[in-house]
Amino acid sequence: AVTVTQGKLEGLGLSSLDFETGSSQYIDTTNDAVLDSIGTGDWTMSVWLTRETAGVSQTIAGKVLAGWGGSMGFQFGLLSTNKVRVDMQTRLLDSTATITTTDKWYHIVVSKNSSVFKIWIDGVLDASGASSSPASLTMAGASPMMIGKYGEATTEYYDGKMRDVRMYDYSLSDDQVASLYSGSYNVTPLNWWKLDEGHTTA
């Protein structure tokens, strides 16, 4: 069993980036090859976030073309049902829990572990599986990763605050995710968008 302690960001006024969906705000990492080194391997992405609007589809991060381009790309976001979804070329997993409370900090982690996806919410495994195996799908492709919108498509802009977006080039274990949530997992990720240079608007 995994023991989860209170996340270090919960209730604290730490700096973050505030995305406003009505203004079409997002972060463009600009580098098409930003996740190419992962290829078809395992990976984990984590983020601290709040919501300002529930009940609408919003993208946390995505690396896709305007449409799905071959076998490349991924999307990580929230559905209109308020569930978390991780998706690679329509091979997907949804959370069982919902993220509905606005202005509350949540820690959300998604991973690809060989043939399955996993979703953790606030340090606890919520869902594991996939509609179809993503094992052969790759992160490599001619598209930059976007934070706060659905890749290069002009849709599903995020509405809320984000900070500490991390990408690891391996699948974290339950214990490692619990440690990440509590602030004691100090392994440097492959990519790290801290978004902590001061509370500002994207």
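This section describes the fold, the packing and selected local features of a predicted model of a single chain.

The secondary structure of the predicted chain comprises one helix and 14 strands. Of its 202 residues, 50% are buried. Among contacts with a separation of 6 or more, 71% link residues that are 24 or more positions apart. The accessible surface amounts to about 8,000 Å², and carbon and sulfur atoms contribute 46% of this area.

Six strands assemble into an open sheet with antiparallel pairing, in the order S2-S11-S4-S5-S6-S7. Strand S2 (27-28) and strand S7 (91-98) form its edges, each pairing on one side only. Within this sheet, S4 (58-63) pairs with strand S11 (residues 146-147) in the antiparallel sense over two bridges, and Ala61 stands opposite Ile147 of S11. S4 is also joined to S5 by five bridges, again with the strands running antiparallel; here Gly62 faces Gln75 in S5. Six of the six residues of S4 are buried, so this strand is largely enclosed by the rest of the structure. The sheet continues from S5 to S6 through four bridges in an antiparallel arrangement, with Val86 in S6 as the bridge partner of Phe76.

The loop between S5 and S6 contains Asn82. The phi of Asn82 is positive, near 75°, although the residue is not glycine. With a relative accessible area of 12%, Asn82 is buried. A positive phi, of about 55°, also occurs at Glu156, likewise a residue other than glycine. Glu156 is located in the loop between S11 and S12 and, at 26% relative accessibility, counts as partly exposed. As background to both cases, most residues other than glycine have a negative phi.

In soluble globular proteins, nonpolar side chains tend to be buried together. In the present model, the largest nonpolar core contains 37 residues, and Trp43, Met45 and Phe74 have the most contacts inside it. Two or more residues are contributed to this core by each of strand S1 (17-19), S3, strand S4 (58-63), strand S5 (74-78), strand S6 (83-88), S8, S9 and S12. S3 provides the largest share, four residues. Another core, of seven residues, lies apart from it and includes Trp120, Tyr168, Leu172 and Val177.

Five aromatic pairs are found in the whole structure. Trp43 and Phe74 form a tilted pair, with a centre-to-centre distance of 5.5 Å and an angle of 55° between the planes. This pair links distant parts of the chain, as Trp43 belongs to strand S3 and Phe74 to strand S5, 31 residues apart. Both Trp43 and Phe74 are buried. The rings of Trp48 and Tyr181 have centres 5.7 Å apart and planes at 20°, so this pair is stacked. Trp48 lies in strand S3 and Tyr181 in helix H1, so the pair ties together parts of the chain that are 133 residues apart in sequence. Trp48 counts as buried at 2% relative accessibility, as does Tyr181 at 6%. Ring pairs also link Tyr168, Tyr170 and Tyr185 into a cluster.

Helix H1 spans residues 174-182, and its buried residues are Val177, Ala178, Leu180 and Tyr181. Seen down the helix axis, the buried residues of H1 fall within an arc of 160°, so they line one face of the helix. In an α-helix, with 3.6 residues a turn, residues three or four places apart point the same way. The cover over the buried residues of H1 includes strand S3 (43-49), strand S8 (106-113), strand S9 (116-121) and strand S12 (160-168). Two of the buried helix residues recur in the packing described above: Val177 is a member of the seven-residue core, and Tyr181 is the stacking partner of Trp48. H1 is followed by Gly183, which has a positive phi near 90°.

How values were computed
Residues are numbered from 1 along each chain as its sequence is written. This is a predicted model: local features need pLDDT of at least 70, side-chain atom pairs count only at pLDDT 80 or more; totals for chains, interfaces and linings use all residues. Side-chain values use heavy atoms; hydrogens and water are left out. Buried means under 20% relative accessible area, exposed over 50%, partly exposed in between (1.4 Å probe, protein chains only). Contact means heavy atoms within 4.5 Å. Accessible areas come from the Shrake-Rupley method with a 1.4 Å probe; for residues, only the protein chains shown count as cover. The arc is that of the directions from the helix axis to the C-beta atoms. A nonpolar core is a set of buried Ala, Val, Leu, Ile, Met, Phe, Trp, Tyr and Cys residues joined through side-chain atoms within 4.5 Å. Two strands pair if DSSP finds at least two bridges between them. Rings of Phe, Tyr and Trp (its six-membered ring) pair if their centres lie within 6.5 Å; planes under 30 degrees apart count as stacked, over 60 as edge-to-face and the rest as tilted.
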